[in-house]
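Open the model in your viewer and keep the sequence panel beside it. This tour goes from the whole chain to a few side chains.

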Amino acid sequence: MKPEHAPPPGRPPLFPLPRTAPRGRARRPAAPTGPGSPLTGPPPDHDLLLRTLRPVLAHLSAEAVAFGRTAAYVWGVDLYPRGTAVTRKRLHVAVPPGVAGVDGAGVSAHRERVPASSCALVRGVRVTAPARTALDVAASASSLYTATATLDRFLSLRLTTGPELRDALLVHPRRAQRRLERALRLSDPRGQSPAESWARVLLHQTGLPPARPQCPVHTAQGLFHADLGWPPYRVAVEHDSAERHSARHERARDRLRYAAMTEAGWLVVSVGVYDLCARPAGFLHRVLAALADRGWSVPPERAADIWSAVRRFERRPPRLG
């Protein structure tokens, strides 16, 4: 696949630290055109990233391709810390082994040949396909929790599907990595945030029964969807996000929502990011108590395994984000 753009004549072909977009009236960049992209609006600096990638890829190799977090951003999945200017970060690019001149190019080079079947074009920029991108990022994740949250994000945006991910895993160079296989089994397109994905994996790792993401809860105030839930026991887990629920009216809305769910006979266990990261055992104790109160029980040997997992998380909280 031949790049459409060559480096501008008479100037260095690469720009290790691209300039940010000039201030002024913001123009909304067009959404990426790719298979299954459902984006209603791309992330900040999306156009600038594409303009930066074109000459960089053209200079490196005809087979160079945007890779990893950079490719995810092209598809509209922002995996950088909040407030990060993506064009101020080194671009992740995959190049075939043996390509010279990469080390001084101001990019993070991944030495591997990505087959054409795992690539796509987004407005003239060669980028790994969504399923391959999701697996690449998940493979480099710091834990099973972040790997699963990454796959959930791609699935919830309908950029890819479970069958596509499984097919891509068969030909992925790191297909034998156990974390990828486990993350794929735990992934779910109904996940709405990383914290929800982390909580779901934490509950699974403890040995609790599978929780249903976006669990429907019928109340006198209408139909709500709990972040996680066990319909047979009418127990729900709700994530309290400091970002999404910081305003006074949002907190008031949450209180009314929880009250409606409680009146409908549901036990609601709320959890924040701090609870998940620093005090996961306390959260697990509350979930176990709620399930037991509603009649859930297990054989003694399984109960011992569950409490052993809780104590393990109490001693060493999992690495989530």
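Start with the whole chain: of its 321 residues, 48% count as buried, meaning under 20% relative accessible area with a 1.4 Å probe, protein chains only. This is a predicted model, in which local features need pLDDT of at least 70 and side-chain atom pairs pLDDT 80 or more, while totals for chains, interfaces and linings use all residues. Residues are numbered from 1 along each chain as its sequence is written, and side-chain values use heavy atoms, leaving out hydrogens and water.

Colour by secondary structure. The chain has 11 helices and nine strands, taken as DSSP runs (H or I, at least four residues, for helices; E, at least two, for strands) and numbered from the N terminus.

Select helix H3, residues 130–139, and pick out Arg132. Is Arg132 buried or exposed? Arg132 is buried, at 6% relative accessible area. Leaving aside residues up to four places away in sequence, Arg132 touches Phe67, Glu112, Val114, Pro115, Ser118, His172 and Pro173; a contact means heavy atoms within 4.5 Å.

Next, select Tyr73 and Tyr80. They form an edge-to-face aromatic pair, 6.2 Å centre to centre with 65° between the planes. Rings of Phe, Tyr and Trp (its six-membered ring) pair if their centres lie within 6.5 Å, and planes over 60 degrees apart count as edge-to-face. Tyr73 is buried at 2% relative accessibility, and Tyr80 is buried at 11%.

Add Arg69, which lies over the face of Tyr80, 5.5 Å from the ring centre. Here CZ of Arg must be within 6 Å of the ring centre and within 35 degrees of the ring normal.

Finish at Arg312, which lies over the face of Phe313 at 5.3 Å from the ring centre.

How values were computed
Buried means under 20% relative accessible area, exposed over 50%, partly exposed in between (1.4 Å probe, protein chains only). Rings of Phe, Tyr and Trp (its six-membered ring) pair if their centres lie within 6.5 Å; planes under 30 degrees apart count as stacked, over 60 as edge-to-face and the rest as tilted.
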